[in-house]
Each structure stands twice: as C-alpha cells, then as structure tokens.
Amino acid sequence: MNNRSTRVDTIPTILWQKALDLAANALFVYESVRSENDTHPKFLIQLVNRRAEQMLGLSREELIGKFAHDVFPGPADHSIWGDIEQVVHTLEPLRREFFYHIDRSGLTAWFDVFIEPLDNGRCVVLSFNDITEWKQTQQNLLSDSILFKALSSTVPEMGVVAIDFFRKIALANGTVPALFKNVDADELIGRRFLDAIEGQYAADWQRYTTTAFDGEQHYFTENWAGSRCEVYVGPVRNSGGHIVMVLAVFRNVSEQYQQQQALQQANISLHRSNESLERFAYVASHDLQEPLRKIRSFGDILNNRYADQLDNMGRDMIGRMQSAALRMDELIRSLLSFSRINTLVLTPELVNLEELFNGIQADLEVIVQEKNAKITVQSPLPLVPGDETQLRQLFQNLLTNALKFMAPDVEPKVVVSARMVGSTDLPTQANVTRNPHTQYVEISVADNGIGIAKENFDSIFSLFTRLHSRATYAGTGIGLATTKRVVENHGGKIAVESEEGKGTTFKVYLPV
C-alpha cells in the first residue's frame, strides 16, 4: 500500500489538478497494475477531474486509489478494458465510441473515448466526451435517410447532402450535381464537404454552410457544367432546437428551364408576329380605302351621267358594284377599328356607365325610332375603371346587335343592368382566375331577339363569324370579336346566355 501511495504522490500536482478541473471532458488517469496471478492487468485510478466526479456521482476522494473495474462494474471481458490494455502494450493512442449506463448518477450516454499512454505505458489517460446528442442526431439522420432516399427516387433529378458538425458529408442520396468533383453519392459520404466540391465554388459554399450553422436558410438557382439547379441550404435542428447539421437539397431543373426559355422565346415571336399582323391589317385596311373611294366615285359618275345610255343589265351591274363597294367599305372600317383596339394604348379612367349608355342611345336614336325599339337602362349604373373610347365601342356593338337580330314582327326591347359580384359568382363560361379578393361589375345587355343556339356560344366571338346570310342580317362578323377584345384588354370576361326564339343576354365582367 505504501508503494501505491508513493506513486500517487509522484503523478499529480496542485497546478495540474486545477488545469484538469477546467476541462469540459471527464478525465481519468489509470495506472496499470498486474500481480503474479493476474492474466490481465487491473487499472488503478490515480487522478480524476471535476467533470469525472459529476459523471460518476462520486468525489475524487472516493475514486482515487480504487480499481476502475470496481467503479465501472460490468463484464470483465468488455472491449474497453482490452482497448486500454492495447494502449499500454503498444504505446499507440486509441479512440472509440462507448455506450454505458451509470446506475449511481443515473447517466446513460454515448461517449467518445480517447485513450493515450502516459509515462512509457505505466499509466493511461482516458478522456470521456458525452456524444449522446450527436449519436441521437446520427440515428435520426439514418432514419431520415430512408425518407431522403424515397424522396430523391420519387422526385426526378433531386439530390440530398447532409453536412455534419465537423463539416463532413454524413449523408448523400439521389442525383448529385456537377458542383461535386465526384457525382457518385455513395463516394461522397465521409469526405470533408469543401474538399468534395469544385475549388472555384469553395468560397461561396464556405459562406452558405457557415451561415446555415448560424441558423440562416438559402434559396437560389445555380448552373454547374451546363446543368441548372434549384438549391436549398439550411440548418437541421435536434429535438432541443440545437443546430447539429446542415442540409443541402438540389433539384436539376435544366429541362424545365429550357422549356421555359423556349416558351418565352415562342411568346416573344408570337407577340412580334401579332404586332406585324395587326400592323399589316391596319396599313392594308387604310390603304384600301383610297382605291375603294375611287370605285364608288366612278360608280356614282356612271350612274348619274350615263344611266340613260345603259340598258337595265348595265344599271343593275353598277348597282351591284356600288353595293359590294359599300359592304367592303364597312368591312375595312371594322377591320381598322379592330386593329386599333390592339395597337392603341389604354388611357384608364373612371367611366360613368350611365352617361356612357345615354351617349350611345343618342347615337342610335335613328335606328331606335325606325324599329320602334325601347332601351331601358336600370339605374344606378356604377363607375368602372377603363378606357372610355373602347368601352363605348364595346357596349355600342352589343346594343346594335340587340336591335339588329330581331324577328320582323317583333318590336325590340333591350334592358341594361349592372350589379357587383365576387369572382366565385362568375359563371363557368367566364374563364377567369377566381381570386376571392377581386370584385367585378357585371353589366348585362338583355334583348328579346331571335336568340343564339348553344353550340354557337363560343364561335360568335371569332372574327368574320356569321350565323345568318347578308340578305337576312347585314354585318361584317367582326362586332362581337371586337367586344371580346375590348373586355380582355380591361382584364375582364364576356359570357352569353341565350335560347333560340327567346332572346339573348350578354354579360360583361369588368374587375374593379
């Protein structure tokens, strides 16, 4: 016993003890003791620090001079004893993970144990670092890896990389982008993250990972080796809310991006084509007016000066020519009007619908009197935001059609009304984005005319669509196409309700 006391006195010093007490890990110094009858040495506790006392629930007075086998009861052949014995014989340090339950303190934990020889193998220093939280996170990550694998195999072109506290890749699954030197996910596990990626990206990813461990999240899109990826980098927290890992999620969106670019290019080309066509329609219509005026003028001269020199057939041919020229003039004017709708810039203002309809009725006064028609505007009509000129054109077309498409023996009756509705109240025929916060003005123009067959509801808004012969009902087939374009210019929709022989109601929806 005196021999043991002498050795204890020669190892620690007061300064050394104080320094060890400041360490965060539990520290033990064991002395290897072997008797003649012992096959394996026993290890006598010569020194402990404060953290070791807390871990075991014993004071250093209760520990120093005791054998470690007695302090840590368990199987005599436990691998930890073999590891300590190996360090004593080889003088090579050893590190391992160790799970243990301490009854006295109630501690059940995983430890990162570092064993290092001291005094030429006569003693060993053991450092116990509690890594229970890390092991739980690691186990959770292994469980989550099943989810990540399922996710990366289900979502096309998706990859997941988890970076642990030591900045190493703890998990890699799915499609890994060309950011990495090796795109084989299995080969990345265990490598230091910054060493695994291409060098030119190291500085950026050093910032991403560092700030993610500080709690920040990053969303961005990046290109690597011609591939475009959507990227998320953010922290992974344990049940206690502590950040233990950083997760990087990659999704290759190259194909979608190329399709989007192609679609945008197609839209640009279509827009240019539409502009060219609209410009062509405007110029062609404008330039056609002059020769048409000459045709009509020469027709009038022939009819006035030379009618007595022509027979009945000649006079009939001049009449037909003038009639055709008149129809062509009407068509050109309609085309010009339609093209201007697309080329003129809207000048939005608050439009008083009551004043607008009063003005339209004044313009239609002659035809109203001829047909003995009655137009009723039900007050009040609201103010709506829009271009007054285009809105006048829209509703004048609707009123003109309501007066035109009548049975010969019926006096036209047209009723104009308005009300406020929500997007959910719009009919399914009005194909609009139904934002619950958007309000619309519904303006109805209802007549008692000949009606429209249901199968023609969509086609009537197309250019040059005519449901009746010119001999029955005159027109160019452009009016309703114009109304639809005006409504669309104002972000609204137009719908029709009708039954043959019972009248038609056009409903215009303008957002407010």
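Select phenylalanine 250 to begin: at 1% relative accessibility this residue counts as buried, where buried means under 20% relative accessible area, exposed means over 50%, and partly exposed lies in between, with a 1.4 Å probe and protein chains only. The model is a predicted one, in which local features need pLDDT of at least 70 and side-chain atom pairs count only at pLDDT 80 or more, while totals for chains, interfaces and linings use all residues. Residues are numbered from 1 along each chain as its sequence is written, and side-chain values use heavy atoms, with hydrogens and water left out.

**Aromatic pairs**

Keep phenylalanine 250 selected and add tryptophan 224, which is buried with a relative accessible area of 2%. A pair of aromatic rings is described by the distance of the centres and the angle of the planes. Rings of Phe, Tyr and Trp (for Trp, the six-membered ring) pair if their centres lie within 6.5 Å, and planes under 30 degrees apart count as stacked, over 60 as edge-to-face and the rest as tilted. By this rule the count comes to 22 aromatic pairs.

Go next to tyrosine 208 and phenylalanine 220, whose ring centres are 4.7 Å apart with planes at 25 degrees, so this pair is stacked. Tyrosine 208 belongs to helix 10 (residues 202–213) and phenylalanine 220 to strand 8 (residues 218–224), so the pair ties together parts that are twelve residues apart in sequence; helices (H or I, at least four residues) and strands (E, at least two) are DSSP runs, numbered from the N terminus. Tyrosine 208 counts as buried at 11% relative accessibility, and phenylalanine 220 is likewise buried, with a relative accessible area of 17%.

Now return to tryptophan 224 and phenylalanine 250: the ring centres are 6.1 Å apart and the planes stand at 70 degrees, so this pair is edge-to-face. Because tryptophan 224 lies in strand 8 and phenylalanine 250 in strand 10 (residues 243–252), the pair ties together parts that are 26 residues apart in sequence.

For a wider selection, take Phe28, Tyr30, Phe43, Phe72, Trp81, Phe98, Phe111 and Phe128, which ring pairs link into a cluster.

**Charges over rings**

Select arginine 228 together with tyrosine 257, and you will find the arginine over the face of the ring, at 4.0 Å from the ring centre. A charge sits over a ring if NZ of Lys or CZ of Arg is within 6 Å of the ring centre and within 35 degrees of the ring normal. Lysine 42 offers another example, with its charged end over the ring of phenylalanine 67, 5.8 Å from the centre.

**Salt bridges**

The structure holds 14 salt bridges, each being a side-chain nitrogen of Lys or Arg within 4 Å of a carboxyl oxygen of Asp or Glu. Display aspartate 119 and arginine 122, whose side chains meet in one of these at 2.5 Å, N to O; aspartate 119 counts as partly exposed at 42% relative accessibility, as does arginine 122 at 27%. While there, select glycine 121, which lies in the loop between strand 4 (107–118) and strand 5 (123–130) and is buried, with a relative accessible area of 7%. Glycine 121 is 33 residues from valine 88 in sequence, yet the two are 4.7 Å apart in space, C-alpha to C-alpha.

Move on to aspartate 316 and arginine 320, which form a salt bridge at 3.1 Å, N to O. These two residues are four apart in helix 12 (residues 312–343), and so are separated by about one helical turn. Aspartate 316 is partly exposed, with a relative accessible area of 39%, whereas arginine 320 is exposed, at 60%.

Then select aspartate 363 and arginine 392, whose side chains meet in a salt bridge at 3.4 Å, N to O. This pair links distant parts of the chain, with aspartate 363 in helix 13 (residues 353–363) and arginine 392 in helix 15 (residues 388–404), 29 residues apart.

**A buried lysine**

Lysine 507 is found in strand 17 (residues 503–511) and counts as buried at 16% relative accessibility. Its side chain makes a polar contact with the side chain of glutamate 497 at 3.2 Å, a polar contact being a pair of N or O atoms within 3.5 Å, where within protein one must be able to donate a hydrogen and the other to accept it, and residues adjacent in sequence count only if both atoms are side-chain atoms.
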